[in-house]
Every structure is written in structure tokens, then in C-alpha cells.
Amino acid sequence: DEAAPLTPRDPFVLSGLVEGEGESYAVINGAIVAVGDRLGEFTLIDITNGAARLRRADGAETVLRVPR
């Protein structure tokens, strides 16, 4: 299941992740967000393996990775 690529109307930038025991967090567009938090029409559904997965209400998913 490949996630849909970002489009110009989905302008999310992942700048960091905090993973470990307990709750994980992502820094997306400068905001610290946790799994379950909403970002516009997307919900952060997972943070694992250095990536953050977002899902839109229609089921479309996008995976963000920290730029290198």
C-alpha cells in the first residue's frame, strides 16, 4: 500500500520526530503533534521507523519523512 504523494494543496513539512518508549511526536510545519492530532483535513495516524503517516477523511494516506 503506497501512500499518495503530497500535492501543492497538502503543504506539510516534517522537520523532526521523537520516537521511543511512550508516546511519539512529530514536528510538522513547526507544530508538535501526536498520533490522533488533526492537521487540516488530515489526522496523524502513525509515527514509526522515522516517518509520520497522515490520513485524510476519504482514506487517502500520505507518508512524511524528514528531508536529508
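Select E41 to begin, which is found in the loop between strand 4 (38–39) and strand 5, where strands are DSSP runs of E with at least two residues and helices are runs of H or I with at least four, both numbered from the N terminus. At 39% relative accessibility, E41 counts as partly exposed, a class that lies between buried, under 20% relative accessible area, and exposed, over 50%, with a 1.4 Å probe and protein chains only. Add A57 to the selection: E41 and A57 are 16 residues apart in sequence, and their C-alpha atoms are 6.8 Å apart in space.

Before going on, note that this is a predicted model, in which local features need pLDDT of at least 70 and side-chain atom pairs count only at pLDDT 80 or more, while totals for chains, interfaces and linings use all residues. Residues are numbered from 1 along each chain as its sequence is written, and side-chain values use heavy atoms, with hydrogens and water left out.

**The whole chain**

Show the protein chain as a cartoon, and you will find seven strands and zero helices, so that the pattern along the sequence, with these elements defined as DSSP runs, reads β-β-β-β-β-β-β. Of the 68 residues in the protein chain, 31% are buried. If you switch on a surface, its accessible area comes to about 4500 Å², with 50% belonging to carbon and sulfur atoms; such areas come from the Shrake-Rupley method with a 1.4 Å probe, and for residues only the protein chains shown count as cover. Among contacts between residues at least 6 apart in sequence, 29% join residues at least 24 apart, a contact being heavy atoms within 4.5 Å.

**The sheet of four strands**

Stay beside E41 and colour the open sheet whose four strands stand in the order 4-5-6-7 with antiparallel pairing; two strands pair if DSSP finds at least two bridges between them. Strand 4 and strand 7 are the edge strands here, each pairing on one side only. Strand 4 and strand 5 run antiparallel and are joined by two bridges, and L39 stands opposite F42 in strand 5.

Now move to strand 7 (residues 61–65) and select E61, which lies in that strand. Is E61 buried or exposed? With a relative accessible area of 18%, E61 is buried. Its side chain makes a polar contact of 2.7 Å with the side chain of R53 and another, of 2.4 Å, with the side chain of R55; a polar contact is a pair of N or O atoms within 3.5 Å, where within protein one must be able to donate a hydrogen and the other to accept it, and residues adjacent in sequence count only if both atoms are side-chain atoms.

**The aromatic pair**

Select F12 and F42 next, and show their side chains. The structure holds one aromatic pair, and F12 and F42 form it edge-to-face, at 5.4 Å centre to centre and with 90 degrees between the planes. Rings of Phe, Tyr and Trp (its six-membered ring) pair if their centres lie within 6.5 Å, and planes under 30 degrees apart count as stacked, over 60 as edge-to-face and the rest as tilted. Because F12 lies in the segment before strand 1 and F42 in strand 5 (residues 42–48), the pair ties together parts that are 30 residues apart in sequence. F12 is buried at a relative accessible area of 13%, and F42 is buried as well, at 2%.

**The sheet of three strands**

Continue to the open sheet of three strands, which has the order 1-2-3 and antiparallel pairing. Strand 1 (14–18) and strand 3 (31–34) stand at the edges with a single partner strand each, so one side of each is left without a neighbour in the sheet. Four bridges join strand 1 to strand 2, and G16 has V27 in strand 2 as its bridge partner. In the hairpin of these two strands, with six residues between them, select G22, which takes a positive phi near 90 degrees. Strand 2 (residues 25–28) also pairs with strand 3 over four bridges, and there the bridge partner of V27 is I32.

End the tour at A26, in strand 2, which counts as buried at 0% relative accessibility. Leaving aside neighbours within four places in sequence, A26 is in contact with residues including L14, L17, V33, L44, I47 and A52. Finally, select V66, 40 residues from A26 along the chain, and the C-alpha atoms of A26 and V66 prove to be separated by 9.9 Å.
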